[in-house]
Amino acid sequence: MEFLVRAENLLPHDTPDDVRDRLKKAERARARELREEGVLLRLWRVPGRNATIGLYAADDPAALHDALTSLPMWTWMDVSVEALATHPQEKS
């Protein structure tokens, strides 16, 4: 299954720089792992916001949930998920 995931990072502004840097580094590393596993297919930044839109693939919603909650920033994310289905025009 494919999923469109919108995520906004709500890490508090007063988070110490060293903590923020450590979390960002860990987030990038985990995202790389998810890419290598074929779970994170594409990732876009949302200009003007601390947000992303990602295209994910997972066997089912529970597997997607496990992938998303494995992200180091998960605690501070506002996430919305849309399951995607192939449009009939895409089938040949």
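Which residues make up the largest nonpolar core? In this predicted model, the answer is a set of twelve residues: Phe3, Val5, Ala31, Leu34, Val39, Leu40, Tyr56, Ala58, Leu64, Ala67, Leu68 and Leu71. Helix H2, spanning 61-69, is one of the elements that supply at least two residues of this core, along with E1 and H1. The most generous contributor is H2, which gives three residues. As a general background to such a grouping, nonpolar side chains in soluble globular proteins tend to be buried together.

The overall layout helps to place these residues. The protein holds two helices and four strands, and along the sequence these elements follow the pattern β-α-β-β-α-β. Its C-alpha trace spans about 50 × 25 × 20 Å along the principal axes. Of the 92 residues, 28% count as buried. Contacts that reach far along the chain are well represented: among those between residues at least 6 apart in sequence, 66% join residues at least 24 apart.

A good place to look at the packing in detail is the pairing of Leu40 with Leu55. Leu40, a member of the largest nonpolar core, touches Ala31, Leu34, Arg35, Leu55 and Tyr56 when residues up to four places away in sequence are set aside. Among these partners, Ala31, Leu34 and Tyr56 also belong to the largest nonpolar core. Leu55 sits in strand E3, and its C-alpha atom is separated by 6.3 Å from that of Leu40, with the two positions 15 residues apart along the chain. Leu55 counts as buried because its relative accessible area is 19%, and the cut-off for that class is under 20%. With residues up to four places away in sequence again left out, Leu55 touches Glu2, Phe3, Val39, Leu40, Leu41, Arg42, Trp44 and Leu84. Of these, Phe3, Val39 and Leu40 are members of the core described above.

Helix H1 offers a contrasting example in Ala26. With a relative accessible area of 31%, Ala26 is partly exposed. The C-alpha atoms of Ala26 and Trp74 are separated by 11 Å, and the two residues lie 48 residues apart along the chain.

Attention can now turn to the open space in the model. The largest pocket contains about 570 Å³ of space. Its lining is made of 27 residues, and those closest to the pocket centre are Asn9, Glu27, Leu43, Asn50 and Thr52. Two or more lining residues come from each of strand E1 (2-9), helix H1 (17-36), strand E2 (40-46), strand E3 (51-57) and strand E4 (77-84). Helix H1 provides the largest share, with seven residues. In chemical character, the lining divides into 15 nonpolar, three polar and nine charged residues.

What about charged pairs? The structure holds four salt bridges. One of them joins Arg6 to Glu82, with the closest N and O atoms 3.6 Å apart. This pair links distant parts of the chain, as Arg6 lies in strand E1 and Glu82 in strand E4, 76 residues apart. Both partners fall in the intermediate accessibility class: Arg6 counts as partly exposed because its relative accessibility is 38%, and Glu82 is likewise partly exposed at 38%.

A further salt bridge is formed by Arg49 and Glu8, whose closest N and O atoms are 2.3 Å apart. Here too distant parts of the chain are linked, with Arg49 in the loop between E2 and E3 and Glu8 in strand E1, 41 residues apart. Glu8 has a relative accessibility of 21% and therefore counts as partly exposed.

Glu37 pairs with Arg30, and the closest N and O atoms of this salt bridge are 3.4 Å apart. Is Arg30 buried or exposed? Arg30 is buried, because its relative accessible area is 16%, under the 20% cut-off. The pairing of Arg30 with Glu37 is part of a wider arrangement, in which Arg30, Glu33 and Glu37 are linked in a network of salt bridges.

Notes. Residues numbered from 1 in each chain as written. Predicted model: local features only at pLDDT ≥ 70, side-chain atom pairs only at ≥ 80, totals over all residues. Heavy atoms only, no water. 1 Å grid on protein atoms, 1.4 Å probe; cavity = no way out; pocket = protein on both sides within 12 Å on 5 of 7 lines; lining within 4 Å. Points joined across faces, edges and corners; volume = space filled by probe spheres on them. Nonpolar A, V, L, I, M, F, W, Y, C, P; charged D, E, K, R; others polar. Core = buried A, V, L, I, M, F, W, Y, C linked by side-chain atoms within 4.5 Å. Buried < 20%, exposed > 50% of the residue type's maximum accessible area, 1.4 Å probe, protein only. Contact = heavy atoms within 4.5 Å. Salt bridge = Lys/Arg side-chain N within 4 Å of Asp/Glu carboxyl O.
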